[in-house]
Amino acid sequence: EDLALDEAGLRLVTGDEDAGRATLEDFVAAADGAHERLPEALYVLGMARSAAGDRDGAGELLHRLVDEHEASRWAWKAAAALTSPGWEVGREAQLGWPLGETVPELGRALAPFRYEAGDLGGEGGTRRRARALHADALDVLLASQQDDGSWIAATEPGRSGADVPDDFELAITALGMQALVTGLDDGGLDDGGLDDEARRAKIARAVDRALAWLVDAHERQVADGPEAYYMDYAVWSRSYLAAALVDALEAGFGSRDVVAERCAVALGELAERQQDGGGWSYYVSGSLSDDTGPAAVSISFTTAAAVLALVRVAEAELPLDRAMLDRATDCLLRMRNDNGTFTYMLHHADEAGGRRDDPLGAAARGPVCSLALLRAGAGDLGDLRESLALSAEHREGFLAERGKILMHTGAAAQGSHYLLFDLATTAAAVAALPRSERDRWSAPLLEELLLFRTADGEYVDTLLLGRAYGTASAALAYAALR
């Protein structure tokens, strides 16, 4: 019986689903109620029925498992499945083995880590240290890139290799490619030896692979159609994709026609998601059964990231609906509070209500919002300086969230999942200042970034987003501080 159950499981994940399901049906029908592996068989058969489109049959088994074996971990998994958004909207289970030969890498992506800053670039001043740290982070990205050109996202272990890449995979690979492109510019990375032609060629090959993967993944996502439950992370993936494509094009990668087409599609998707109030939000709804429809809100730092992407498209002289950018910048301006902070979320039905202006919770998102306004021609350096000062004053409260898995656990709802985004965009804001002002902000930022470096040379703020996201964000920060 044990051998039959093991064989059925292997058949299911290797594509022989009919035979695997038939073996499980026989096992469940014949098994004594006290059989120690019956809960496992009920769960796996429930998932197999779901994958085959038999939702009612799957629900019957999963409910039986919860009712009859409540102390089993398989019953807990069944309860989680029955209460998941995917179950609520009728999404079928996926049985395929996750990404074949990359299973060890997927396991490592979620493995525990230890922070260890090391002593990289300890001499020679801020810019020299930033060059050395930048080169080191790029080496880590080169080593962790997958053969297909992508980087692993923390969402992948729960997905099948047959699945269309999700928005996390798309966004993280866009960030990885964008970071590598910074190693090829005219500034050079002499501390890391990136002026050496062999290493530059290695980076160029990695960018080529990432670009090919991104174009294909985006095409597959568009063909597959949108899939959003409580959150719609396409707002992030399309913003990062557009900015990364422009950076690659301006560095000499890809054809202008292909990049223009992908950017046009991505911007069209952003246009569809733009709120009537002008901004963007990845928050859709708190309830899938809510008849009121998606929430009419814009999130400040999400809108800022989209604005920065739109500006990059405009700088590359690619087609852009200027009205979309103008509405977004106007929304960002309305999000600015009297004390210089930006509210987390703007509720368009009542924009005066529900605003958050506590600097402890709001200060870290200020630099990216002020930078977006500056780059779009709707802000000034005075506002940028004010945001940088507020961010530095309250940075300690954010850094305390480093490495946590639970979100929004800080006293003012700060969360670990924003930290490297905040530091990378703050570094970009510093780079927008006159050169004579930058050192004041750069040296502390370098020390703060090193707090997120692991013993393996990667960067992590939370495993929910993963090592590749963190390392790419740190590399972009170092490139700006260079």
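**Helix pairs and empty spaces: a group meeting talk**

Okay, let's start inside the protein: the largest cavity takes the biggest share of its lining, four residues, from helix α19. Before I go on, keep in mind that this is a predicted model.

So, what else is around that cavity? Its lining is made up of Ala364, Ser391, Arg395, Phe398, Leu399, Leu419, Asp422, Leu423 and Thr426. Two elements give two or more residues each to that lining, namely α18, running 395-399, and α19, running 419-431. If you sort the lining by class, you get five nonpolar, two polar and two charged residues. The volume of this largest cavity is about 50 Å³. And how many cavities of 30 Å³ or more are there? The count comes to one.

How do people look for such spaces anyway? Rolling a probe the size of a water molecule over the atoms shows where empty space is left.

Now for a pocket. The second largest pocket has a volume of about 950 Å³. It is lined by 29 residues, and the closest to its centre are Gln178, Asp247, Arg375, Ala428 and Leu476. Which elements give two or more residues to this lining? They are α9, α11 (234-250), α13 (300-315), α16 (366-375), α19 and α21 (467-481). So α19 turns up here again, having also helped to line the largest cavity. By class, the pocket lining has 19 nonpolar, five polar and five charged residues.

Some of those pocket helices also pack in pairs, so let's go through a few.

Take α13 and α16. Their axes come within 9 Å and cross at roughly 30°. Angles under 35 degrees count as roughly parallel, and therefore α13 and α16 are roughly parallel to each other. The crossing, with α13 passing α16, is left-handed. On the α13 side, the contact is made by Ser300, Phe301, Ala304, Val307, Leu308, Val311, Arg312 and Glu315. From α16 come Val368, Cys369, Leu371, Ala372 and Arg375. You've met Arg375 already, among the residues closest to the pocket centre. This contact has nine nonpolar, one polar and three charged residues.

Next, α9 and α10. Helix α9 covers residues 167-181, helix α10 covers residues 197-224, and they pack at an angle of about 155° with their axes 9 Å apart. Is that parallel or antiparallel? That angle makes α9 roughly antiparallel to α10. Again, α9 passes α10 in a left-handed crossing. Among the contact residues of α9 are Leu170, Ala174, Met177 and Leu180, while those of α10 include Ile203, Val207, Leu211, Trp213 and Leu214. In terms of class, there are 13 nonpolar, three polar and two charged residues in this contact.

Last pair: α11 and α12, where α12 is residues 256-273. Here the axes come within 9 Å and cross at roughly 155°. That makes α11 roughly antiparallel to α12, and the crossing is left-handed. From α11, the contact includes Ala234, Val235, Leu241, Leu245 and Leu249. From α12, it includes Val259, Cys263, Ala266, Leu267 and Leu270. Some arginines take part too, including Arg238 of α11 and Arg256, Arg262 and Arg273 of α12. By class, that's 12 nonpolar, one polar and five charged residues.

If you want one thing to try on the structure, find α19 and look at what it lines: the largest cavity and the second largest pocket. Thanks, everyone!

How values were computed:
Residues are numbered from 1 along each chain as its sequence is written. This is a predicted model: local features need pLDDT of at least 70, side-chain atom pairs count only at pLDDT 80 or more; totals for chains, interfaces and linings use all residues. Side-chain values use heavy atoms; hydrogens and water are left out. Axes are lines fitted to C-alpha atoms, for helices over the stretch in contact, and angles run from 0 to 180 degrees between N-to-C directions. Angles under 35 degrees count as roughly parallel, over 145 as roughly antiparallel, 65 to 115 as roughly perpendicular and the rest as oblique. A crossing is left-handed if the near helix is turned anticlockwise from the far one by less than a right angle, and right-handed if clockwise. Contact means heavy atoms within 4.5 Å. Ala, Val, Leu, Ile, Met, Phe, Trp, Tyr, Cys and Pro count as nonpolar, Asp, Glu, Lys and Arg as charged, and the others, Gly among them, as polar. On a 1 Å grid over the protein atoms alone, a cavity is a set of points where a 1.4 Å probe fits but cannot get out, and a pocket is an open set with protein on both sides within 12 Å along at least five of seven lines; lining residues have an atom within 4 Å of a point. Grid points are joined across faces, edges and corners, and a volume is the space filled by probe spheres set on the points.
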